[in-house]
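Subject: Structure handover

Hello,

Here is the structure I said I would pass on. My notes on it follow below the display.

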Amino acid sequence: MATKATTKIRSFEEWNCDLLEDTFGLKRVYENHAALEEWLTVDTDTAITETERERLLELRYFLRRNVDDWNEMELQFFFLGTLINVVNYYTEHYKGFLQRYLSATIDDVEVGGRVDFLVARGKQNPKSPYFFIHEYKPEKGRDNDPLGQVLIAMLAARTLNEIEDKPIYGAYVVGRYWYFVALTDKTFCVSLSYDAT
């Protein structure tokens, strides 16, 4: 009697950029990535309210004074959560979700894990996720690959959404530094760092 082999789901935490390249043929490009360039182009006519501006300046000051001393949870709670509330991802079309489990089978490889923050359609459960913030890490003592982890979550979302021809967006945060990522087809590009202080 033959027994069916059990397949182990490979956790998002296990992934790094080398493994993504070897397993899925993902390639990094360093310039001329249309999806990232379009996304990062700021419309200078877009205005924020005076209240939003004041709150963002307070957050920047608070981060500047504390980022070197915070651990991962403190960075999440005291800065990122407040910043995400200022952005207000709650609309009738999409909203933010925290610590949601996401899994997919990509090219016969089962992957899964908890995503720190994602934007998707849905009320109670995320549907068609398209933006991720992953790996809120303090600047000191980092021992993993936050880019690899956000990319595997983005690949999983693209597979679940069945949208190979549209970009998926993400960001990862290391202390004060934000890196924005765009994934299209088998290529991805990472922005230069943005210092939130």
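Is D108 buried or exposed? D108 is exposed, because its relative accessible area is 75%. Please keep in mind throughout that this is a predicted model, and that the values below are computed from it.

Overall layout

The chain contains nine strands and five helices. Read from the N terminus, the order of these elements is β-α-β-α-α-α-β-β-β-α-β-β-β-β. For 197 residues, a compact globule would be expected to have a radius of gyration near 16 Å, and the 18 Å of this chain agrees with that. Along the principal axes, the C-alpha atoms occupy a box of roughly 70 × 35 × 35 Å.

Of the 197 residues, 40% count as buried. If you take the contacts between residues at least 6 apart in sequence, 61% of them join residues at least 24 apart. The exposed area of the chain is about 12000 Å², and 49% of that comes from carbon and sulfur atoms. On the charge side, there are 32 negative and 23 positive side chains, and the centres of these two sets are 5 Å apart.

Cysteines

You may want this part for the bench. How many disulfides does a search of the whole structure find? The search finds zero. For C17, the closest cysteine sulfur is that of C189, and the distance of 12 Å is too far for a bond. The cut-off for a disulfide is a pair of cysteine sulfur atoms within 2.5 Å. Seen from the other side, the closest cysteine sulfur to that of C189 is in C17, again at 12 Å and too far for a bond. As for their surroundings, C17 has a relative accessible area of 22% and is therefore partly exposed, whereas C189 is at 5% and so counts as buried.

Two backbone angles

Two residues other than glycine have a positive phi. One is D108, with phi near 70 degrees. D108 sits in the loop between β3 and β4, where β4 covers 109-121. The other is Q99, with phi near 50 degrees. Q99 belongs to strand β3, which spans residues 95-106. Q99 is partly exposed, because its relative accessibility is 37%.

Residues that meet across the sequence

R10 lies in strand β1, made of residues 10-11. With a relative accessibility of 31%, R10 counts as partly exposed. The C-alpha atoms of R10 and V109 are 7.8 Å apart in space, although 99 residues separate the two in sequence. Once neighbours within four places in sequence are set aside, R10 is in contact with W15, L19, E110, V111 and G112.

S191 gives a second case. S191 is in the loop between β8 (187-190) and β9 (194-195). With a relative accessible area of 8%, S191 is buried. S191 and L36 are 155 residues apart in sequence, yet their C-alpha atoms are 7.5 Å apart. Which residues does S191 touch, not counting those up to four places away in sequence? They are L36, L40, W178, Y179 and F180.

Two helix residues

R64 is part of helix α3, which runs over residues 50-66. Its relative accessibility of 42% puts R64 among the partly exposed residues. R64 and T23 are 41 residues apart along the chain, and their C-alpha atoms are separated by 39 Å.

E74 is in helix α4, residues 72-87. E74 counts as partly exposed, because its relative accessibility is 28%. Leaving out residues up to four places away in sequence, E74 touches D69 and F79.

For your notebook

- Disulfides in the whole structure: zero.
- C189 is buried at 5% relative accessibility, and S191 is buried at 8%.
- D108 is exposed at 75%, and its phi is near 70 degrees.
- R10 and V109 are 7.8 Å apart, C-alpha to C-alpha, and for S191 and L36 the distance is 7.5 Å.

Regards

Note on methods. Residues are numbered from 1 along each chain as its sequence is written. This is a predicted model: local features need pLDDT of at least 70, side-chain atom pairs count only at pLDDT 80 or more; totals for chains, interfaces and linings use all residues. Side-chain values use heavy atoms; hydrogens and water are left out. Helices (H or I, at least four residues) and strands (E, at least two) are DSSP runs, numbered from the N terminus. The radius of gyration is taken over C-alpha atoms; the globule rule is 2.2 Å times the number of residues to the power 0.38. Buried means under 20% relative accessible area, exposed over 50%, partly exposed in between (1.4 Å probe, protein chains only). Contact means heavy atoms within 4.5 Å. Accessible areas come from the Shrake-Rupley method with a 1.4 Å probe; for residues, only the protein chains shown count as cover. Lys and Arg count as positive and Asp and Glu as negative; His and the chain ends are not counted. The place of a charge is taken as NZ of Lys, CZ of Arg, CG of Asp or CD of Glu.
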